[in-house]
Structure formats: structure tokens, C-alpha cells
Amino acid sequence: MVTTNTASSSENESFSFADLEAHLDGKDPAQQLEALNDRLVLEIRIKEGAENLLNVKLSAAQRHKVETELDMAKSKIEAITRRIEQHDFHTALQYAQSCIKTLISLARSGGSSQGSPSADVDRERIDTMKRLIAILQRSLRVRYEMDIAEVVRAVAPALADAGSRQSRSAAYRVMRHALVDADSVQRLREQSIDWYIIKSLIRDNKNAAEKEQAIKLIRALVEVGTVRSDRPTAGSAGVVPLSEPIMRALIAVAEHLEDPFRPICIQTLTEILLIDIDLVARTGGLRFLLHVTAEGPTELAPTVTAALLHIVDVPRTRAYLCIGSDLEIALSTVTDSYGKGADHADKIRACSKVIHIMLRTWSGLMYFCMEDMRGIRSLVDVLRLPSLETRETILDIFFDLLRIPTPDWYKTFLDGRRLTMYRKSRVAPTKSETEPEPERAPTSTSVTERANLIYKLTDQYIGLLLVILVHAGLIDALTSMLSESTSGSMLTRKATLLVAEILQLANKLLPLSIAARLQAIPRIFDMAADFKNGEHRIVGTLALSAIDSLNRNRARLDPHVKNSSTFRPRANSVEDSVRRGQRQVEQVKLKMGMQMDDKSFQALLIETQVMITKDYTKWDYDTLQGIVEGSLMNPKRLEEVIKLSRFMRRLMSFFHPFSHRFADIPREGNNMRWVRLGCSLLVTFMASPDGVRYLATEDVFLTQIVKSFAQLDPFNGTLDSDPIFSERRVATTLTYGYLEMLGTLSRYKDGIELLEKAKIFTAFYHLSELRSREDLIKGIIENLDYSIDGHPRIVLSKALTSSYKHIRIYATRHLGALIRESTQANAWTLRLLLTQLYDPSPDVCSLAVRFLEEACESKDILQLVVEMQPTMDHLGEIGHTLLLKFMSTPIGFRYLYNSGYIDREMDMWFHERNLSYVVQVETFLSKVFGGDHDSDSLTFEENVPPHFYGEMAKTDLGCQILHEKGHFAEYAQFIRQHGLESEDIDLIIKLKSILWAVGNVGSTEGGLPFLEEEDIIPAVLDIAEQSPIPSIRGTCFFILGLISSTPQGAEILDDYEWGATVSPLGMPTGLCIPLDLDRFISILPWTQHVPERRTTVLKPPADQKEHEVLTAIQNLANSVIANNAARSLARMKSRPEYQHVFSSPSALYRALYTISTQRYRLPVRRHILDLFELELDAGVVDAMNECARSLANDTAQQSPLSDAKRITCPPTVSLRPVSKIAGFP
């Protein structure tokens, strides 16, 4: 190998780059490219050969020579690659220029000015444009070298009406791929292509491909040509390079219900709204998008709603909205539902998603709280309307808004049945139901940090929303529903259920002063105590009885409560007495079985039918199970059965693999009991020395299992065509039960010794190397017991370090489950899990980190892991959250501080990570409140990680370092200086990040003195009550909740009239609600901003006929007289004296100008253009450009009718025909 490489080296040296250049001279570009590619292949082979040689043991001189060759080959590969790229660029540029010249020559030879181009010319033009598109797609450098003006002049003839649809589509594609930056977009707009785009958007669905490419070009203009602001301001990203005519044409397509491109046009308008709201408002797009929230499309309404709420969040952009009428359009579907019929219920349900989004965001919630909560009150008052479908949908909206789960037992209550009978079975409970549940792992007295974070960020907002809804009259509206009928219906029971859930939420989430007033439910109590009105008394007592029943049965019926770590079964409950009775019965049976006389015992053995027949289906399973778990637990009885009876030999032979009896039983329903019997039998053996000796010396059960495993081991040479543990058998028969039986033996020390003696573990080690038997390896890992130190743990560790990734992942998951189910911290499991942090697969590492984070919620386990001092620098971002957990303990913080992690991370958080934390938190909230994820099913990645400064403030050394660094003082100064910022987006994001840092520091007892020293809490309260940006107010709301996590913080906030929620033991839960609600949720009203409408005043038409045609076109915009105008146009079109008008470029320009400055529906636009006999081409476009210059006056006027006047004042509609065209004197 060395000799070969040396020869290649000398050849490589002799073939220099000068020789390569000389070799390329005189060849055409194709031959040059082929020579370069051949040389590149040679150098790549030399590089690969050198890399292979470095893996072989070489002398120092040889290794140096090989490394030199490798470096030389790499440099030559890089140089040749650059040469190929340069060659490709020049070739592609020449080819693109050749395509441009071909298009220009085609335009001259078969131009549209001389009629329609021939089919051959059109086909050649399309092929040439496709080749040009391929070049532009492949080479970005060619795009920059091309002159966009020249490209447009070359493809403009293809846009003419005389061309085919395919040529127009290809022309739009060429222009789209030629765009590279804002300058190219500006030069494209100078080429007068707007009229072509407008005409393409107006065409019918037969021209779908052309229309699609026109819309894609518009989107490219927005994406590439938007001029971003040098200093970003809140709510304004830049200026979109689209003219108002194109915008109105795009809006017309979006408004047309039957247009297939309506969804993409709505999305495009929504994107433009976020970039340039002034353009959208000026062209009427804002009003249309507001109607989309109520009228659909349903799938796009949430997206449009989110964009509008972003607009509301910023003072400058929300000024474009009119208070009390714009966003309220979204509620109109619900509030105007009375008398609309059953079909309207579907629209209400579709609108509920929009309402959900609006009331789950700060901007939407505070907007609807303006003017004494007028928007929310209108929504609540719908419950007072006598409409069953609407009421039910509104109740569902409130259940969803308050995140109230709807378990199965709700249906029982709504059907009017008693909850005490729910899940009551007349069949006696089984043994598994009567066995006591295993003890849970002891939990820390304090709620874990991550659980606390989720609890605060979600439930604190729900608590505020609950207070707002109650203030808006929700309880009164529900009570009014209850008082309408004494008989009770599903709707009234649902209202009662909502009242009960509201009371539960109030008890959990609200401060005591607010919750106490709510729990009184005075109207319901007044009705229950009204002895003068019998109906009221019946309604009140029924409601109170139902609420009491719900509260009494909640703990029994709610699985979340029953499965929680704090739930304990009541000692005086009915279920507890049943459990005690069943346990006593089992104990009595066991005692009687062990004390049975010989005659009765022999009768039982015969009754099982085991000694009479080998057919297991004729055996008495219940008697057999009773003997195994009862009588045979007596050592004397077991010895008797083993030595003096055929019973045990017959029974064990049934379980022998090679007898093909147990192993061939189908794996289905009732047959599973034989697996349980086998496990019980092995447990009985392990309870007696005679049983252990019988398995070890007298029975071949374990020996046959080892031989069955050997059938799969390729090293034994005894492979069988149909082995016992084949994949088919394990999946379809009770063969899998042998793994459970071996797992049962592994629970006992004697059992492990038996498995060792039978070489079962050796077979396990061999099987772990089989890639094709993942099912068997997983079964072994799952069924083995690891409580005893020995081979089972070695098997697990071998699986954890398997050469197959999927086995390592499964073993890591099982190890995590073992740690989760363990009642105490086990060093061996944690040590194995820490080993997985160094796995070469990132998936295994992230899985191990996940389980470590979950385990470290326990302080004992966290302390034990920190003492092991694992190295996690190699994990990067994956291990970041785990390292933050280490910081919460003194020993962990000291370990990380000595390693330099604290100083390094502190600088990163001060400059960068604080900002990314804001993004993580707000993304988390959008997922939780967006309705796509339940808090109970949140995945690990969705949880927001703890904050660095918050974890740092949990230790004394951390507080000391934080004080020395002086970061907190800088944060406090920034809050005081920029707390009310509303324009600079960078300052706003930084303010949010600093608020989160301050709040996390203040959530600890050691960090609260920092806030008191800087007197920052009053500043945060001022921002929460005075900031013009609702999202910043919301951030302060969450921050105040964090501060209220400590008793001292809750006491400080109480002085400022912010009440903290406390647990039954008086400890703060981290929830905080303003006692004076209006000061927090009210934002100052604003005066609506009306965008300027710059309308060029055109000179009046000199021809009376043209004036009449344009007047009729103008009247088409008025829906009242549009039919008369259409008939007038049809008459004029048929009369010869008007023909010159419909073939005049001047009249066509005036018509296009009219539909481009006012709102016309898409069919009307299409009808207007179809009236004219002119085909749009370069000559007509030039003529219209000349008309634009000659007809325009020098002055511009602003439209006298503003949006504000149209909203606040009823329009005056005149039925007289319009006698003037807009802009004409």
C-alpha cells in the first residue's frame, strides 16, 4: 500500500497546476469541464487512500509523507472545485445571455404587434424561457449578473394577450427567478408590468397556471423587495413594493369565494399586513381581513386573527383600528346569532376558535376589556338569548377558555343520572383491584421548579381570565339560565356544571378575598331561600344540590386527582371496605389451603385433572391455581407432591418447551392465565428449598429453555428451521411467557443462582448481539428484575451499550422507567443513566438527559447525581437544562463554579440567552393557550427551561456572585429608563428579557433582597399598569406572580393591592391577581388613524360617449344601481356609435384606473375588461402609459370620505345614478 501511494504521490507532484492550465488551453468549454472533473476524481481518490493509510501502523517518516500528500490533495481538490465553479458560472452566464438574445429576436420576428405569434414561435419562446429558468435556478451568481430590465424587455412580448397561457406563465417565472434584491425589484417595477399582472389576476380559472405564477411573482416581490427599516419599530417592518392597483386586484381575488387562489391571497395579505399596514389599510385590505375572522375561510381565520392581535399589541399600528367596531366583527357571528336558525350553529362553532385565540392573548383580552368590558359582556349576554344551539356553543367556549377538562363522568351528570352510581359494578372486584397500590416515591415538600413554572404561566392567566368573566356577569348569566325552568334540562345542568367548575377554579387560583366573594353565589342562595316563590326555591336547591354532589364525587371520579401524588384513599370509603374484605377472604383461603388434611388435598389434586389427562383444556384452572398459591406454599405439601406424586411431573412437563404444549398455545384472551400459572408455580418453588432443588436437579425446564435459546445462537451451530423462540412464535403463542417466568426467577437470590447454573445469562449475552431479534432482547430487558445485584444488571448494562442504536434507546427508556418507579434513590441506576450521556448517538444522549431531569426533581436524587460529578460539557445545548438544575444545590453550584461554567454562562446570559429565553417562554405560552396541546400531555421539548439567574439565586454563593457581577443593578436601571418604551422593538424585547430575569431572581428567598435593595417592585407595577403595550403588561403580570412565590414577596405585593393565592397551609402558590382589576386590564383609548389616499385627479374626457361609458363603469361599484349600469353598458356595447370608446387606449386606461382606485368584485372587474376590444400588449401598455402622463393633473387630492366617518356615521345612500366619475371635476 505504501509503495502504491508513493507512486501516486510522484505522479501527483509531476502533474502541476501549470500543466493543468496548459492541458486545458485550446479545448472547448465542455472538454475543459470534463478534464477538470477527471482530475477532481483522481485527487479525491488520492485523499481517500491517504486517509486509509493513516489508519495503518506506519513509521514516523512514512506518516509524515502520507500527511503531506493528504494536505496537498485537499488543497488541490479545493482549487479544482473553485475552477469548476468559475467555469460553470461563465458557461451559465453565456448561455443565459444567449437565451435573452433568442427571446429578443423572437419578439422581433413574430411580435404580437403584427398579430398572434405562430405556434412554432410560441413553442420556441416557451422552451427558451424554460432553459433560462433552469439556469437562473441553478446559479445565483448569474442572477446578479443579469440586467433585470433587459430580462423584462425580452419576456414582455410573452405577457401579451395574443400569447398562450403557457408563455405568460413562463414569463412570470423568468421574472420571479431573476429577482435578487430590493434594487432588482425596483428596476422591475419601472418596466410597466403592473397592467399585465392585474389582467392575469382577473382571468378565469381556465388560466389557473398563469394566475398561479402571477401570484408567486407578487409574493416574490414582497419577500425580496420589501425595504426594511434601518431602525426597527414596533409593528412596522418596512415598505412593501406593491402598487395600489395590484393590491386591489389581489384583494378582489381574496374576496371571491369561488376562486381557488383565495387562500394563498389571504395569506399574502396577512403577511403584508404585518410588514406594511398602511398599504393594506389604504387599499381596503384591513377591512376585508377583519371580515375573514368572522366569515372565514375557517382554516385561515386563526392565522388572520393572530396577525390582527399582533397589530393591536402596538400603539402605532392599533391606531388603524376603530374601537368598538373592528375586532368586534369576530364576535358578530355569535352576538348576532339570534333567529339565524340551526345552520348558523356551525358558523358559531367555527368562530369559537377565533374567540378562543383572542381571549387567550394579552392584546385581545385587554382590547375587549375596553369601554367597561363591552366586548366580553356582549359575549356573556348571549347566554341570555333563548337559543339552545347558541347557548350550548357559548358554554363550550367558556369551558375551553378556562381549560376545564371534560372527563367521561360529565356525561353521566349531564344526562341527569346520579354520580354516586357511576362506575359501580355488580360484579365482585378482582384480585388485582383489591390489592393495595404500591407505595409512591416520596416527593419533595416543595413543588418542583418546572412544575411550578407551568403552573404559574398557565393557571395565573386562567385566574385573571376567570375574574374578568365574573366581572362581566358570567355567574349572573348562568344563574339566569338556571331560573328559566324547574324541570332541568341538559343545558341547565351544563350551566350548573360550569358554575361548579368556576367555584373550584376560584378556590384553587384566586386570592382568598376574591374567591370568598365568588363562593357565596348570592343569587343562587337567595333563590334557594325564597319561600315566597316555589319555582325559585326549587331551582336554587337543585343547583346547590348538584354543586355539592359534584364536589363530593370529584375525588372519586377524577383520574387526575386520584393519580396525583397527594391522593390517599379514604379509610371510611365504600371501596376501602371492599378491599379489606377481599384481602381477608384471600388470607383465609391461603390459611385453609395450608392447613388442609391429606384426604382433602389428594381429592383436590385429582379434581384438577392433571394426573388424569394431558389435555390442558380439561384441567380445572381455578382449583389448580388455588393449589399452587395455597396448599403448595406449605413446604411439606410441596415435598409430598414432588416425591410421592406424578402431579408435579405432569404439570412441569406441560411447561417444557420441547413438549410443544404450553409453547404452542395461541396468545389470546383467556389463554394468558397459563402464563400467570407458570409464574405462580415458580414463586412457589422459590419459597421452599425443596422447590429450588427440584428445579436445579430433577426437572429439565431450565435446561430446555437454554437449548431453545441456543437454537438462535449462530455460534453454537445448532440452528433450527423452526426454533422455539422464533419471531413468529413469540408474537403469536405463549412462548413469550417463558420470558416472564425467567423474570419471576430473577426476583429471588436462589432464582438468580439457578439461572447462572443453567447458563441462562450466557444465552442472554449472546442474544443481545442479534440484530434481527429486537423483540426478544426487549422482552428480556422488560421482564428481568433488577432489585438484586448480579447478572440482571449486567444484562441491562450490556443492552445499554449495545452496538445497535434502537436497542440502546429501548434500554435507556426502560432504565428511565425503573428510576421513575423506584421508591428511593438507587446509585446503580443513576450511574448507568449517567453512562448514557456519553453515548455516540445524540438521540440516546437527549433521552438520558430527559430522564435525568425528571429524576432530579427529587432533591435526594439531585444530590446523589451531583456527588457523582458527571462531565456534561460535550452535550452542549442538550445538557444545558440539567446543568441549571445542578446550580440549585450548594454542592452542585460549587462544582460548576470551580469548573468555570458559572462565569462563562453568566456572560452568555447577560448578552444573549436572556433574549432567547423570552422566545422560549412566549412560544411555550402560544402552544399551551393555542389549543393544540394539553398541559397534561406536554412533551419534554415544550417545557420552558429554568432561568439561569433564578437557579443562581437559590444558593448563598450564587447570590454573592450575582452581587459582585453587578448585573442586577444594570437590569434595574434599564427597567426604570425604558419601562414604558413602545416604539423600538429591540428595546421592547430586551425589556421583556430583563423582566423575566428580575422575576426569576425575585422568586427565591435569597433573590428577593436584590429587588428590595433596588426598589424595583414599584417600577414593575407601574409598567404593568401604564405600559401602552399589552404583551409587556402581561410579562409584568407573570413576573409579579413569580415574585409572589415567597411569603415575603406576597406580603410586599399585598401592600400594592395585588393579592397572592395561598395553599391551605398558608404557603404562597406563585399566583397573583390584581385586586383593582381596571388599573391593570384597561388600555387608553385612541383616535383612529385614517391613511392618506393619494388619488391623482384625471382630466375629464372630452368625448361625451366616453363619459357615459365611464359613468356606467363607475356605477358598477354601487350594488344598488349595479344592475342598471350593467344593462346600460350592454346597450352601449351593441351600438356602433360607442365602438370607438371600447377600442380606445385612453378609455381602457380610465377604466383600469377606476377599478384600481375603488373596490370592485372580481367578476365585475372581469366584466369591465371584457367590454374592451383591445388586447393587452406592449403597444397598448405604452399607449396607456402615455395616457397616464397626459391625463394626470399636477395636483393630488385626499379622499374626503375617511374610514372613521364611514364607521361612526351611517352612510347616506342615494338612489340617483352617479353622474360623475371619481376624480373628475
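Here are three short exercises on this structure, which is a predicted model.

**Exercise 1: the chain as a whole**

Task: State how many helices and strands the chain has, and what share of its residues is buried.

Solution:
- Start with the secondary structure. The chain has 68 helices and six strands.
- Turn to burial. Of the 1225 residues, 52% are buried.
- Now look at contacts between residues at least 6 apart in sequence. Of these, 73% join residues at least 24 apart.

**Exercise 2: Asp699**

Task: Find where Asp699 lies, and work out why Arg649 does not give Asp699 a salt bridge.

Solution:
- Locate the residue. Asp699 sits in the loop that runs between α38 (689-698) and α39 (701-710).
- Check its setting. Asp699 is buried.
- Look for an opposite charge. The nearest such side chain is Arg649, 8.6 Å away.
- Apply the cut-off. A salt bridge needs the charged atoms within 4 Å, so Arg649 does not form one with Asp699.
- Look for another partner. The side chains of Asp699 and His656 share a polar contact of 3.1 Å.
- List the contacts beyond four places in sequence. Asp699 touches Met652, His656 and Tyr694.

**Exercise 3: the cavities**

Task: Count the cavities of 30 Å³ or more, then describe the largest cavity.

Solution:
- Count first. There are 10 cavities of 30 Å³ or more.
- Take the volume. The largest cavity encloses about 80 Å³.
- Read its lining. Among the lining residues are Asp161, Trp195, Lys199, Leu1148, Leu1152 and Phe1172.
- Assign elements. Two or more lining residues come from α10 (194-202), and two or more from α65 (1145-1155).

Conventions:
Residues numbered from 1 in each chain as written. Predicted model: local features only at pLDDT ≥ 70, side-chain atom pairs only at ≥ 80, totals over all residues. Heavy atoms only, no water. Helix = DSSP H or I, 4+ residues; strand = E, 2+ residues; numbered from the N terminus. Buried < 20%, exposed > 50% of the residue type's maximum accessible area, 1.4 Å probe, protein only. Lys, Arg positive; Asp, Glu negative; His and termini not counted. Polar contact = N/O pair within 3.5 Å; in protein donor to acceptor, adjacent residues only side chain to side chain. Contact = heavy atoms within 4.5 Å. 1 Å grid on protein atoms, 1.4 Å probe; cavity = no way out; pocket = protein on both sides within 12 Å on 5 of 7 lines; lining within 4 Å. Points joined across faces, edges and corners; volume = space filled by probe spheres on them.
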